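Here's a quick briefing to read with the model open beside you. It goes through the helix packing, then the sheet, then the charged pairs.

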Amino acid sequence: MFSAPGIPESEEESKERDREIFAVLADRKSGIRSPETQRFLEKVDFGLMRKIFADIAQRCGIKPNQLNFLEKERIATDWSDMGAGRFDPKNNLIFITDNEYAIRERDYLSEDERAKNIATYKEQFIKFFGSENIQLLAALIHEEFHAVSRIICIGTITESYDNDVFVGETGDPKYSQVGLRRDFLFMDASPESPYKERSASVFHFLNEAVTEKLACEATLEYIQTEQKEDKNAIHTFENSCKDPESEIGYRVEIALLDEIIRIVSEKAGISQET
């Protein structure tokens, strides 16, 4: 986190931000992690996962000790059920969605409706991922790839205006980059500014395609090495990773990425696997 371009925030500022965010998380009804998320994380072999990430990093000429690989302590529950998970670059945290917890908390649904929703999402996970555990692993590994990618957070929003210039939520970085994606979390209406809309993002889907392509590879290696999943479940997940019409995420974007890789490799005269 940079307090200004080129000026990293102090260690004390980082620690204070940690204290604040973990206090907020601990105060939630679910706490930092729901019981389901906690049980899942206790089963994860983070040593194996780190090794897989280290091997991929070395293949790319990156030293493993330079990776921002997040351990269990920096993983929390997201119960908004708006996606499988998310990475928070400002606070350097991974959030994994506990879908069952989120559905149970929908007090506007009857017990029967909640039960039906839970059964439906479990069926979908088994259909495309092979098991609920593989779905959670795939989500965690996807977000870990966001965490180890190039991350930049610059500036801190301190005030908002209603007229010529509108700045986003107080405390957000004015500019952030995660991997290839860049977010401009402010709107500047001045004539010389190209950013006329708040949260203007660039390269979002390309970034997700690269992330998901790597995550499929790493998740498959993890479950094949660990050998704790049923072979049929592993086979289901492997087929979903290859099927452009499966619903495990970003299939269209990955197809576009594969075409970009094919064209670049042909013009450069190198293997697509390089």
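Start with helix H3 (residues 46-59) and helix H6 (residues 132-148), which pack at an angle of about 50° with their axes 12 Å apart. That angle makes H3 oblique to H6. Keep in mind that this is a predicted model.

**H3 against H6**

- H3 goes past H6 in a right-handed crossing.
- On the H3 side, the contact uses Phe46, Met49, Phe53 and Ile56.
- Across from them, H6 brings in Leu137, Leu140, Ile141, Glu144, Phe145 and Val148.
- Sort the residues of this H3 and H6 contact by type and you get 9 nonpolar, no polar and 1 charged.

**H3 against H7**

- H3 also packs on helix H7 (residues 204-226), this time at an angle of about 135° and with the axes 10 Å apart.
- That leaves H3 oblique to H7, and the crossing of H3 and H7 is right-handed.
- H3 puts Leu48, Met49, Ile52, Ile56 and Arg59 into this contact.
- The H7 residues they meet are Leu214, Glu217, Ala218, Glu221, Tyr222, Thr225 and Glu226.
- Here the tally for H3 with H7 comes to 7 nonpolar, 1 polar and 4 charged.
- Met49 and Ile56 are worth clicking on: they touch H6, and they turn up in the H7 contact as well.

**H5 against H8**

- Helix H5 (residues 111-129) packs with helix H8 (residues 231-242) at an angle of about 80°, and their axes are 6 Å apart.
- At that angle, H5 is roughly perpendicular to H8.
- The H5 residues in this contact are Ile126, Lys127, Phe128 and Phe129.
- Their counterparts in H8 are Ala233, Thr236, Phe237 and Ser240.
- By type, the H5 and H8 contact splits into 5 nonpolar, 2 polar and 1 charged.

**The sheet**

- Now look for an open sheet of 3 strands, ordered E3-E5-E4, with mixed pairing.
- Strand E3 (75-78) and strand E4 (85-88) sit at the edges with a single partner strand each, so one side of each has no neighbour in the sheet.
- From one strand to the next, the twist averages 25°.
- E4 pairs with strand E5 (residues 93-97) in the antiparallel sense, over 4 bridges.
- To find the register, match Phe87 with its bridge partner Ile94 in E5, and Arg86 with Phe95, its bridge partner in E5.
- The hairpin of E4 and E5 has 4 residues between the strands, and Asn92 in that hairpin takes a positive phi near 55°.

**Charged pairs**

- Side chains of opposite charge can pair when their charged atoms come close.
- How many salt bridges does the structure hold? The count is 19 salt bridges.
- One to pull up is the salt bridge between the side chains of Arg114 and Glu111, at 3.5 Å from N to O.
- Arg114 and Glu111 are 3 residues apart in H5, so about one helical turn separates them.
- H5 therefore carries this Arg114 and Glu111 pair within its residues 111-129, while Ile126, Lys127, Phe128 and Phe129 of H5 are the ones that meet H8.

Conventions: Residues numbered from 1 in each chain as written. Predicted model: local features only at pLDDT ≥ 70, side-chain atom pairs only at ≥ 80, totals over all residues. Heavy atoms only, no water. Axes fitted to C-alpha atoms, helices over the stretch in contact; angles between N-to-C directions. Helix = DSSP H or I, 4+ residues; strand = E, 2+ residues; numbered from the N terminus. Parallel < 35°, antiparallel > 145°, perpendicular 65-115°, else oblique. Left-handed = near helix turned anticlockwise from the far one by under 90°. Contact = heavy atoms within 4.5 Å. Nonpolar A, V, L, I, M, F, W, Y, C, P; charged D, E, K, R; others polar. Pairing = 2+ DSSP bridges. Salt bridge = Lys/Arg side-chain N within 4 Å of Asp/Glu carboxyl O.
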